[in-house]
Amino acid sequence: MKIFRLLLFPFSILYGMVIWIRNRLFDLQVLKSKSYSIPTIVVGNLAIGGTGKSPMTEFIVKLLQNKRQVATLSRGYGRKTKGFKYVEVSSMADEVGDEPLQFKNKFPDLTVAVCEDRCFGVETLMNNHDVIVLDDAFQHRKLKPKFSILLFEFTSCLQPMFVLPMGNFRDLSGESSRANIIVVTKTPSDATPKEKELIKKNLSKKSGITVILFTSIVYGNAIPITKPLIEISSTTAVLLITGIANPQPLIKYLKPLVKCIEHLSYSDHYAFKTSDILLFKQRFEQIANDTKIILTTEKDAQRLRHPKFLNLLRDIPVAYIPIEIAFEDEHKQLSFEKEIISICDRSVNES
């Protein structure tokens with residue numbers, strides 16, 4: 001595997017040169033960026049998925065929803081449609097993408113929209129909203145946001161940050177200097193002070209940002225998708241279905257809580273098929289335990305909610321585990337919240 005990755009090194013050099021040139025063209029305004037009077041807050045990352053952009057977006061929505069008229073704007077990764085589209089509770093994941101549908105199901109009164117052209121999306125939404133939160137738009141240089149929140153997953157910060165295809169980074173680490181704030185996500189409970197200091201030092205050196213925030217995942221109680229929820233305990237057998245970038249934190253969380261876990265892992269945003277659902281049923285029925293359940297993530301639940309899938313799973317207990325983020329330092333969290341609110345206030349005053 002290491003030899004194969006080394007063989008990809010020349011392609012990573014080429015890819016890195018291309019994205020470096022692209023970024024410099026935007027910096028020199030050879031390629032143009034648009035800015036808007038409305039507060040635009042970007043939640044992004046440099047790596048491919050798995051950094052916790054959705055929980056951070058939801059955190060900001062909760063912070064602002066009673067103070068501002070908020071909209072979220074995403075590309076709608078994995079959808080079969082194109083162009084600008086509003087997300088409804090009745091929408092399907094293949095129409096709007098799983099993460100935007102998750103936002104809408106969690107916040108039914110929130111305006112959720114998808115558009116691959118973020119500038120067009122902002123221009124469509126801006127007249128009827130006070131702030132737009134853009135999920136995964138850090139690399140969308142045609143838009144110049146008011147505020148950028150850049151996320152790094154904890155374990156990735158302790159490894160070399162190689163760009164594609166040798167590594168998992170889609171942008172150069174030096175581009176972190178464009179962020180207004182950096183948040184390290186999915187910090188494990190057993191992370192050492194030495195590891196955190198090393199991460200702070202490395203990220204500060206690359207970005208010039210001195211205050212680095214750390215957050216962890218908080219798992220909520222399971223929420224049923226099909227029949228009423230069964231009790232999840234040390235006697236429960238779990239068939240875990242995931243189509244996310246990094247399921248390991250969820251597995252680590254569940255292991256001490258249940259009797260056993262059988263894990264079926266799929267690629268991030270995987271589009272489930274009827275044959276997959278039939279496989280889930282077969283594997284579930286083969287589990288020799290009196291108490292058993294299918295568990296999945298909140299994002300995967302959006303793709304499993306298709307009527308034909310729910311019909312096949314109607315006699316099986318299926319539930320998802322919601323997640324939220326928790327800041328390690330309460331004072332830094334308050335400062336972070338005040339900064340977000342002040343961005344909105346300043347933009348209103350400027351307009």
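Two strands are said to pair if DSSP finds at least two bridges between them; the exercises below apply this to a predicted model.

**Exercise 1.** Determine which strands pair with β7, and in which sense.

*Solution.* Begin with strand β6 (residues 147-153), which pairs with β7 in the parallel sense over five bridges; within this pairing, E153 stands opposite T185 of β7. Turn next to strand β8 (residues 212-219), which also pairs with β7 in the parallel sense, here over three bridges, and in which F214 is the bridge partner of V184. Finally, trace the connection: β7, helix α7 (residues 193-207) and β8 together make a right-handed β-α-β unit.

**Exercise 2.** Decide whether the two faces of β7 are covered or open.

*Solution.* Recall that in a regular strand the side chains alternate between the two faces of the sheet. On one side of β7 lie I181, V183 and T185, on the other I182 and V184, and all of these are buried, so that both faces are covered. Because five of the five residues of β7 (residues 181-185) are buried, the strand is largely enclosed by the rest of the structure.

**Exercise 3.** Establish whether R79 is buried or exposed, and which side chains make polar contacts with its side chain.

*Solution.* Locate R79 in the loop between β2 (70-74) and β3 (85-86). Its relative accessible area is 11%, and since buried means under 20%, R79 counts as buried. The side chain of R79 is joined to that of T81 by a polar contact of 3.0 Å, and to that of E116 by one of 2.6 Å. Leaving aside residues up to four places away in sequence, R79 touches several others, including K85, D94, V114 and E116.

Technical notes. Residues are numbered from 1 along each chain as its sequence is written. This is a predicted model: local features need pLDDT of at least 70, side-chain atom pairs count only at pLDDT 80 or more; totals for chains, interfaces and linings use all residues. Side-chain values use heavy atoms; hydrogens and water are left out. Buried means under 20% relative accessible area, exposed over 50%, partly exposed in between (1.4 Å probe, protein chains only). Helices (H or I, at least four residues) and strands (E, at least two) are DSSP runs, numbered from the N terminus. A crossover is right-handed if, with the strands pointing away from the viewer, the path from the first strand over the helix to the second runs clockwise. A polar contact is a pair of N or O atoms within 3.5 Å; within protein, one must be able to donate a hydrogen and the other to accept it, and residues adjacent in sequence count only if both atoms are side-chain atoms. Contact means heavy atoms within 4.5 Å.
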